[in-house]
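Okay, thanks for making time, everyone. Let me put the model up and then walk you through it.

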Amino acid sequence: MKKFLVTCDPGVEDIAKEEIAKKIKKARIENFFDFQGKLIVYCKSPKKLIKLHSIHHIIELKKVVGLKKVSLAEIYNTLKKVSIGELRKKKSFRITSYRYGRHNFTSMQIQDVAGRAIQEKYRKKVDLKNYDVNIRVDVIGDLCLIGLQHTKESLYKRFVKKFNHRAAIKSTLAYAMIRLANIKKGDILLDPMCGSGTIPLEAASLFKNRIKIIAGDINEKCILGSIENARLNKLDKYITFLKIDARKLEKFVKKVNKIVVNPPYGVKSGKKKNLKSLYRKFLCSVEKVLAKDGRLVVITLRANLFRNLINKNKAFKIVHERVVESGGLYPHMFVIEKI
Ligand SMILES: C[S@@+](CC[C@H](N)C(=O)[O-])C[C@H]1O[C@@H](n2cnc3c(N)ncnc32)[C@H](O)[C@@H]1O
């Protein structure tokens, strides 16, 4: 068994654990100390990890060392002793380093000394762009983690997107929301404010034609852009696109079983009054189209506003709420059911 450090969105570690346990039967999963957004996974190879929908990066750990003096010289000596067999048949490498805690050196300096140690030991060339092996040297407090990073880009960038939305969410968060929606075969799933289509793309990649997916937006540019994105990912045949007003869903769709949505937060527009009206009208409209045993999953930064509206609305109850990290912001995910 190899030991991997995998990263995910802070706040959805439980969902990542569930996916790993389901997809890699013999994997052993542990927390990484008390850190959010990181898990330790013991499994045979990174092959199955790379196919997961909930994780960002995969680092195969070669050595975890407790540093005594926590100095650059000690990091250099540690790197000199580590064996990285994978380097032998390769031509080039790079070092990537993250540093958490108080140290009298920077992550650039770690990369520098670690790079020197590896170059002297293996006589390989440093290539920051077209490297064969990416060696991770992270220093967390007095711990030094040395490993091989198997991911070049974060796995959340799995969809090709010609049309981007400035407020798009990561596909890993879309995955978490879809899991919270508890989608069943035959369900009709609606994202009525789809932007660049992240949620419908994620749902289509998971369920294909086992469910019916409807993606809508009030902005025609978003609809056309989402269609283009779906085409590029060969997922367009699984999604129906509609120009829709989320305040009047009943005009556009009949009953749906699940609604998974990322409404505007009003951060850029700053129009709080309009946002309250949008959220209130959207909820009234959801009441009309959501099936009796349906679920609404929402991610929003306007948690207080949204919670107050739900609590005032006699038709709904909050069955789950959590905070996640998304691009340096801390939005809440809500799971709502009909009373
Ligand atoms: C935060 S963005 C969604 C981003 C999307 N999740 C993504 O990953 O690209 C919110 C979207 O809601 C849409 N929107 C705002 N008001 C709407 C309304 N009344 N009906 C439908 N869509 C609306 C906006 O056009 C915008 O595309």
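So, to start: which domains does the domain assignment give for the protein chain? Domain 1 is 2–155, and domain 2 is 158–338. Keep in mind as we go that this is a predicted model.

How far apart do the C-alpha centres of domain 1 and domain 2 lie? The answer is 34 Å. The contact itself draws on 13 residues from domain 1 and 16 residues from domain 2.

Now, the interface. People often give the size of an interface as the accessible area lost when the parts come together. Here, about 1200 Å² is buried between domain 1 and domain 2, and carbon and sulfur atoms give 54% of that. If you look at domain 1, the residues losing the most area to domain 2 are D9, I15 and H53, which together make up 46% of what that side buries.

On the polar side, the rule finds 8 residue pairs in polar contact across the interface, both residues at pLDDT 80 or more. As for elements, α1 (13–23) and β4 (55–66) each bring at least two residues to the side of domain 1 that touches domain 2. The largest share of that side comes from α1, with 3 residues. The rule also gives 1 salt bridge across this interface. And while we're on salt bridges, the side chains of D14 and R322 meet in one, at 2.8 Å, N to O.

How many salt bridges turn up in a search of the whole structure? There are 16. One I'd point you to is K80 with E120, at 2.9 Å, N to O. K80 sits in helix α3 and E120 in helix α4, so this pair ties together parts that are 40 residues apart in sequence. Buried or exposed, K80? Partly exposed, actually, at 31% relative accessible area, and E120 is partly exposed too, at 30%.

Then there's R307 with E321, at 2.8 Å, N to O. That one joins helix α9 to strand β15, so it ties together parts 14 residues apart in sequence. R307 is partly exposed, at 22%, and E321 is partly exposed at 30%. There's also a network of salt bridges linking K2, E60, K62 and E86.

Last stop, the inside. The largest nonpolar core has 66 residues, and I239, L249, I259, F282, L296, F306 and M333 touch the most other members. Apart from that core lies another, of 23 residues, among them F105, I118, V133 and L148.

Okay, I'll leave the model on screen for anyone who wants to dig in.

Definitions and conventions:
Residues numbered from 1 in each chain as written. Predicted model: local features only at pLDDT ≥ 70, side-chain atom pairs only at ≥ 80, totals over all residues. Heavy atoms only, no water. Core = buried A, V, L, I, M, F, W, Y, C linked by side-chain atoms within 4.5 Å. Buried < 20%, exposed > 50% of the residue type's maximum accessible area, 1.4 Å probe, protein only. Domains from an automatic or database assignment. Contact = heavy atoms within 4.5 Å. Buried area = accessible area lost by both parts, 1.4 Å probe. Salt bridge = Lys/Arg side-chain N within 4 Å of Asp/Glu carboxyl O. Polar contact = N/O pair within 3.5 Å; in protein donor to acceptor, adjacent residues only side chain to side chain. Helix = DSSP H or I, 4+ residues; strand = E, 2+ residues; numbered from the N terminus.
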